[in-house]
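Biologist: Could you take me through this model, and tell me what stands behind each of the terms you use?

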Amino acid sequence: MSYGVHGVSVLLLAGLLVAAAPGEAHHSILGKFDDTQPTTLEGVVTLVDWRSPHVHIFMNVRNGPRFDNWAVEIESPDMLRKSGWARDSVRPGDAIVVEGIAARNGSRQVWGDSIVMSATGRAVLGVDESAPPAPLASRPTPRWPDGQPRLGPLPGGVDGYWAYPTAVALVEDGVDVAMNAGGLLDDIDDAARVAPLQPWALALYRARQSRHLRDDPTYLNCKPTSGPRQFHQPQGVQLIEDRVRERVFVLVGSGNRNFHIFFLDGREPVGQVGGDDDNPLYYGRSVGQWEDDTLVVETTSFNEDFWFTNGGLPHTDRLRLTQRFSRPDFDTLRYEVTVDDPGAYTRPWTSSWTLRWVAGEELPKHFCQENRP
Amino acid sequence: MRTSRLVFALSAACLIAAAPAAAQEGHPVKGSWLGTWGPSPDHLNDVIVILDWDGENITGVINPGIDNVEIRNATLDPDGWIVRFEAEMVNAAGATLDYVVEGTIGNLAFHDRTITGTWSHQNGSGPFEIQRQ
């Protein structure tokens with residue numbers, strides 16, 4: 001393939017945008033872009049960079065006698081594919097109109113909310129994040145021969161996973177606060193209502209919120225989405241039950257496709273002596289047991305190097321999670337977590353939500369790639 | 001004197017080598033801090049401060065090793081991110097001095113944040129700046 005001089009310059013610009021971004025890597029959208037600065041661009045596509053975590057479209061936009069090359073950042077390849085789009089839905093040479101919001105740093109970058117073909121008016125590369133229609137009738141909970149509910153895919157090679165969480169961030173049950181899909185509060189004065197935070201933790205939560213979550217280690221450094229955050233990801237989560245080895249594998253549909261294990265074999269939640277016994281972990285150490293139709297998992301030994309929820313609620317290494325999983329019907333996973341962290345909160349508190357079963361699909365391949373916006 | 005310098009240097013080296021695993025995002029003061037303090041900007045001495053948070057109190061030591069000094073009455077005021085702590089040290093003449101250190105956290109969002117401020121005791125004061133490792 002030959003790009004020519006212009007193509008090379010576009011690639012160089014793309015490379016510079018990617019390479020110059022240690023503080024602007026895969027990011028909270030409003031951390032990088034300002035939703036009070038609506039922007040419309042009309043021009044011709046020069047390059048489509050179809051890669052995780054975010055697709056970029058480069059386009060030439062007339063500016064008086066010359067053309068400026070702009071970078072339009074949009075959703076991830078997997079989310080675009082789920083909405084019916086492909087890497088050639090927009091191609092170099094296409095004339096497009098982009099509606100979006102401008103970069104906070106004044107560079108020639110926008111977050112694209114909509115892209116329309118100039119010639120036909122056809123909307124392209126939009127993402128539909130809504131959950132699929134609910135089943136017309138509730139289907140019974142699938143069970144193992146001994147009657148225990150199944151949490152993962154059915155045997156026989158039929159894939160499936162859990163997605164479309166009904167909550168986007170941890171909020172104490174019974175509290176109603178408005179926030180965006182990334183956990184950014186509509187009104188920062190709601191911060192104190194979200195959870196029973198100690199004064200320092202409340203101040204830190206407000207500071208993270210006031211910076212539009214741009215310091216999130218998951219986005220800055222591809223740190224794991226651990227704890228309850230695994231069950232908030234739009235890319236979903238898969239639970240694989242290994243009954244022979246008495247454990248449940250939690251496969252996370254984002255980040256770098258990490259996994260975590262719930263041990264159900266009666267072991268203590270400690271590491272291996274001489275190995276990781278004194279080393280706090282991103283995912284902690286989890287042990288669980290079934291209580292009737294609910295899997296109860298206790299997790300401790302977290303490190304403090306990540307955010308355990310969208311939105312930036314702080315935690316300390318004293319964090320202890322009690323997670324409860326139940327499947328009241330075929331298509332619903334009920335998730336409840338009790339947060340007990342005397343280092344950051346004034347008392348234990350609980351948050352719960354549900355996820356929907358996505359049948360017949362493998363977990364989406366969504367990768368966080370370090371230093372790539 | 002030479003031995004204590006060696007111990008200090010080895011302690012600092014160990015702390016620096018262990019720093020990546022010790023990086024924390026929890027309580028803002030928790031961690032290992034390395035920096036300087038002294039009577040004036042032209043006369044600064046190295047200092048290591050280890051701070052911890054037990055859920056209720058900030059604890060810690062200055063210059064961990066054979067001559068370490070425990071800090072007392074440490075506080076964090078989130079309104080302005082003001083850190084304050086006290087320590088009792090004995091000077092070369094054998095006199096006990098009550099140090100008070102007060103500073104402001106800078107670069108709060110980052111693991112390599114700083115505390116910049118002043119120290120003071122009965123006979124003097126000076127600048128104080130440490131950075132989380």
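Biologist: How much area does chain B expose, and what share of it do carbon and sulfur atoms supply?

Modeller: Chain B exposes about 7,000 Å², of which carbon and sulfur atoms supply 53%, accessible areas coming from the Shrake-Rupley method with a 1.4 Å probe. This is a predicted model, in which local features need pLDDT of at least 70 and side-chain atom pairs count only at pLDDT 80 or more, while totals for chains, interfaces and linings use all residues. Residues are numbered from 1 along each chain as its sequence is written, and side-chain values use heavy atoms, with hydrogens and water left out.

Biologist: What area is buried between chain B and chain A?

Modeller: Buried area is the accessible area (1.4 Å probe) that two parts lose on being put together, summed over both, and for chain B and chain A that is about 1,300 Å², with 55% given by carbon and sulfur atoms. Of the area that chain B buries against chain A, B:Glu25, B:Gly26 and B:Trp53 supply 32%, more than any other three residues.

Biologist: Why is the pair A:Glu304 and B:Lys30 called a salt bridge?

Modeller: The term requires a side-chain nitrogen of Lys or Arg within 4 Å of a carboxyl oxygen of Asp or Glu; the closest N and O atoms of A:Glu304 and B:Lys30 are 3.3 Å apart, so the pair qualifies. Across the interface of chain B and chain A, the rule finds two salt bridges.

Notes. Chains lettered and ligands numbered in written order.
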